[in-house]
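Q: I am new to this structure and would like to learn how to read its features one at a time. Where should we begin?

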Amino acid sequence: MALPLLPGNSFNRSLGKEKFHKSQHWGYCNKIAMLVAEDKPGIGGEPLHGQKLQPKYSVFPRGVGSDAPSWVAFDKQVLSFDAYFDEEVPEKNQELYRIRHCKIYFYLEDDTIQVVEPQVKNSGIPQGTIVRRHRIPLPPPNEDQFYTVDYFNINTEVIFYARRYKIIDCDQFTKHFLRKLGVRLNPPAYHPEDPYTRDRQKIADSMKPLRPYERFDTLRQFLEYDGHVLRFYCMWDDTESTFGDPRELILHYFLADDTIEIKEVIPVNSGRDAVPLFLNRKKLPKYAPAGLYQPGAITDRTVLNVFGGLVGNKGRYILDNRKTGTVHQEFYKDSDLTIGAVINVWGRRVKICDCDEFTKEYYVTKYGIKDFTPIPFKAPPPPEIEKKFPPYTGFGSEEDSLCSCMSLLPQPPQKDFKKFMEKDRKGLESNLLRFLAKFITDNPIDKDRQFIISYFLSDDTISVFETPERNTGILGGKFLERSRIKKPGQELFKSEISDYFKAQDLFVGAKVCFHGHNFLLVDADEYAFNYMEKHADEFPMANISLILNKLKAIGEPSSREIKQIFAATDPQHTKVIEYNPFRNLMVNITGGKLSEHEIMTIGRYYSVQNEFEMDINFLLAVAQEQLKKNSFENFGQLSAAFVYNDREKCGLLPQEKCRTICKSFRLPLADDLLRALLTMFEDGKEQVDYKKFVNGLNWRENPVPTFQTIKVPIKYEDDWSGQPPSLPVKRIKYLPLIEDVFGTKE
């Protein structure tokens with residue numbers, strides 16, 4: 001780094017200004033004001049006798065460094081010199097002089113100097129700043145000039161206000177700076193020692209003991225292992241003593257300070273008092289001594305009386321570096337605790353039988369031990385006594401009678417509130433399965449009676465209603481109150497709780513008996529089918545995977561004949577079959593091994609859905625009306641967003657992607673209407689033509705006239721009367737079914 005040496009020697013610039021003010025002044029010659037100065041040349045430019053002329057240029061070359069002023073170029077740049085001065089000490093015999101070391105700081109920005117003396121303990125002298133920062137003049141006879149950087153070098157002397165300072169060294173920055181200026185540095189000078197400080201140090205050293213106290217460093221171990229505890233499961237065999245028995249113990253070894261704590265596991269009804277600890281936390285010696293040591297016998301350090309009894313009762317003690325008479329006591333460490341080891345706990349032989357996972361990992365990491373086979377120490381638990389409850393008496397419910405046998409104070413049976421909160425009605429989720437049922441009877445009057453069986457998933461209750469029919473002579477309405485229904489064929493007075501009908505017992509084709517009335521479930525509403533298919537893991541009759549595996553196991557031996565039967569059922573090769581022929585065909589193939597619900601599940605899975613052909617113009621008219629009411633006209637940016645997300649630039653996007661883009665623009669359309677519109681503009685691969693979609697919504701450029709009615713009204717009925725669902729299964733695609741069951745081989 002080149003030093004910013006300025007033309008005209010920036011170090012002397014301030015000095016030149018000062019000399020200008022002192023040596024130059026205005027005078028009068030022939031009544032004319034003229035500049036009169038020491039450096040004013042004589043006639044013809046020749047210097048006068050004894051005149052000192054200021055050189056026009058600096059001794060340093062021009063063009064090196066920047067042209068910035070010195071207070072900018074040398075800001076925060078300070079030269080540091082190590083120096084000392086000696087000071088006489090009158091009227092004191094112990095010392096004649098003192099050597100006082102100090103620091104001399106030279107500030108390059110303005111040629112100011114500061115002298116600071118470091119603080120010395122117990123010196124008795126006010127120390128700190130000796131000379132405050134300012135420009136210091138040279139000693140006489142040059143007191144009109146000031147110190148500059150040219151006067152400083154190693155192994156030289158400077159005089160500040162009649163006090164002589166000896167410069168003995170400087171820091172590395174100062175050396176580098178002076179070398180850049182072309183200054184030849186002298187070698188460092190001798191560093192004298194202050195006699196008073198030396199004597200004080202001797203006195204301080206003589207006051208210290210001959211051997212310093214030993215330092216026991218336990219902080220590192222504490223910081224490294226704080227909170228880490230090894231746990232061992234132990235056993236103390238105390239059967240030899242009177243009324244003694246094996247004791248189960250838990251040993252804790254604290255790695256932070258090598259202490260041990262033992263707790264006793266007290267069995268229930270053992271007759272022992274529950275004490276907090278079997279052994280308080282402390283270091284455990286390996287072998288218990290024969291007798292107790294006297295107080296002070298075991299210490300970390302030992303001392304010697306140097307004088308003994310020679311000088312009265314006084315003594316002088318020093319630390320015994322030989323540790324004569326020290327009692328060495330060994331304590332248990334982590335290396336001594338292994339499975340199968342026997343430790344002496346103050347005369348009690350405790351056997352280590354097992355440890356926890358953290359302890360095993362610790363010993364594997366530190367000691368490489370891999371065998372942690374536990375030693376059995378616990379007696380086998382006694383066989384559990386089977387609780388036998390008395391049979392049901394018939395008073396109250398079975399659950400209520402059972403609760404009276406569980407405790408002295410009978411408590412009411414607890415309801416499953418968690419299931420109730422999860423399966424209770426929430427919005428459109430009714431959690432109610434409804435089935436259409438008929439009597440299983442030969443009575444011609446009861447054959448045509450229809451019932452709606454409702455199963456409530458929140459509390460497993462069942463209610464039965466009869467649909468009214470005209471001119472039958474039977475009033476419809478509530479047939480069975482909502483309650484839990486027991487399965488038939490169970491003993492009435494027994495100890496176990498009776499089995500009740502569950503949701504898995506109800507499906508299309510099932511035969512159930514409610515209090516002596518036999519019902520055949522012939523149909524279910526759409527919500528029941530959807531719920532059972534959605535929770536197929538709970539309802540095997542609606543699990544398409546289980547049904548296909550069952551069908552494959554039944555029809556695998558005659559797969560070729562089954563394919564021929566399906567082909568014969570479809571002579572026109574339309575690849576679809578009506579549901580009734582399909583149902584009869586499945587019954588004949590399986591021999592009645594598939595229930596009606598399983599056949600309907602297959603039909604629903606492979607059915608051709610006949611969706612309502614809603615008028616797209618009506619949907620666009622409704623959408624444009626909503627957009628117009630909400631003043632939405634941002635169709636250009638909506639189209640640009642679709643184009644940006646179309647990476648392949650094919651004009652098609654998935655429906656979910658289009659729906660997300662519309663939601664980001666806060667399109668004021670209902671979610672069901674938006675889904676219906678996107679479905680209308682889908683192709684065969686479920687890709688939406690977003691250009692046609694945006695053009696259809698643009699009510700400014702493509703307005704659609706408003707319609708008053710739609711072709712098929714949408715009905716939302718809460719009371720199901722057993723009529724066929726709104727989207728019945730009519731046609732079945734049998735080719736995918738054959739491929740999934742028997743494969744694609746001919």
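A: We can begin with burial, keeping in mind that this is a predicted model. A residue counts as buried under 20% relative accessible area. A341 has a relative accessible area of 17%, so A341 is buried.

Q: Where does A341 sit, and which residues is A341 in contact with beyond its neighbours within four places in sequence?
A: A341 belongs to the loop between β14 (317-319) and β15 (342-345). With the neighbours within four places in sequence set aside, its contacts are D336, V350, K351 and I352. For K351, the separation from A341 is ten residues in sequence and 5.9 Å in space, taken from C-alpha to C-alpha.

Q: Can burial be read for a whole strand? How many residues of strand β5 are buried?
A: The count is made residue by residue. In β5 (residues 112-117), five of the six residues are buried, so the strand is largely enclosed by the rest of the structure.

Q: Which strands pair with β5?
A: Strand β4 (residues 97-107) is joined to β5 by five bridges, and the two run antiparallel. In that pairing, I113 of β5 has F106 opposite. β5 also pairs with β6, again in the antiparallel sense, over four bridges. There, V115 has V131 in β6 as its bridge partner.

Q: What should I look for in the hairpin of β4 and β5?
A: Look at the backbone angle phi. Most residues other than glycine have a negative phi. In this hairpin, four residues lie between the strands, and D111 takes a positive phi near 60 degrees.

Q: What is the phi of D460, and is D460 buried, exposed or partly exposed?
A: D460 is a residue other than glycine with a positive phi, near 60 degrees. D460 lies in the loop between β18 and β19. Its relative accessibility is 23%, so D460 counts as partly exposed.

Q: And how should I read H573?
A: Read the angle and then the accessibility. Phi of H573 is positive, near 60 degrees, and H573 is found in the loop between α12 (559-569) and β23 (576-578). H573 counts as exposed because its relative accessibility is 66%.

Q: What about the peptide bond from P140 to P141?
A: Most peptide bonds are trans. The bond from P140 to P141 is cis, with omega near 10 degrees. P141 is in the loop between β6 (128-134) and β7 (156-160).

Q: How do I read a sheet, and in what order do the strands β17 to β22 come?
A: Follow the strands from one edge to the other. The six strands form an open sheet, ordered β20-β19-β18-β17-β22-β21, with antiparallel pairing. At the edges are β20 (477-483) and β21 (511-514), each of which pairs on one side only. From one strand to the next, the twist averages 30 degrees.

Q: How many bridges join β18 to β19, and which helix lies across β17 and β22?
A: Six bridges join β18 (residues 450-456) to β19 (residues 461-466), and these strands run antiparallel. F451 has E466 of β19 opposite. The helix is α10 (residues 526-534): it lies across β17 (432-439) and β22 (517-524), and runs at about 120 degrees to β17.

Q: Last, which residues form a nonpolar patch on the surface?
A: The patch consists of L219, F222 and L223, which together have about 320 Å² of accessible area. One of them, L219, lies in helix α5 (residues 219-225). L219 counts as exposed because its relative accessibility is 52%.

How values were computed
Residues are numbered from 1 along each chain as its sequence is written. This is a predicted model: local features need pLDDT of at least 70, side-chain atom pairs count only at pLDDT 80 or more; totals for chains, interfaces and linings use all residues. Side-chain values use heavy atoms; hydrogens and water are left out. Two strands pair if DSSP finds at least two bridges between them. Axes are lines fitted to C-alpha atoms, for helices over the stretch in contact, and angles run from 0 to 180 degrees between N-to-C directions. Contact means heavy atoms within 4.5 Å. Buried means under 20% relative accessible area, exposed over 50%, partly exposed in between (1.4 Å probe, protein chains only). Patches are made of residues with over 30% relative accessible area and no salt bridge: like charges are joined within 9 Å, nonpolar side chains (Val, Leu, Ile, Met, Phe, Trp, Tyr) within 5 Å. Accessible areas come from the Shrake-Rupley method with a 1.4 Å probe; for residues, only the protein chains shown count as cover. A salt bridge is a side-chain nitrogen of Lys or Arg within 4 Å of a carboxyl oxygen of Asp or Glu.
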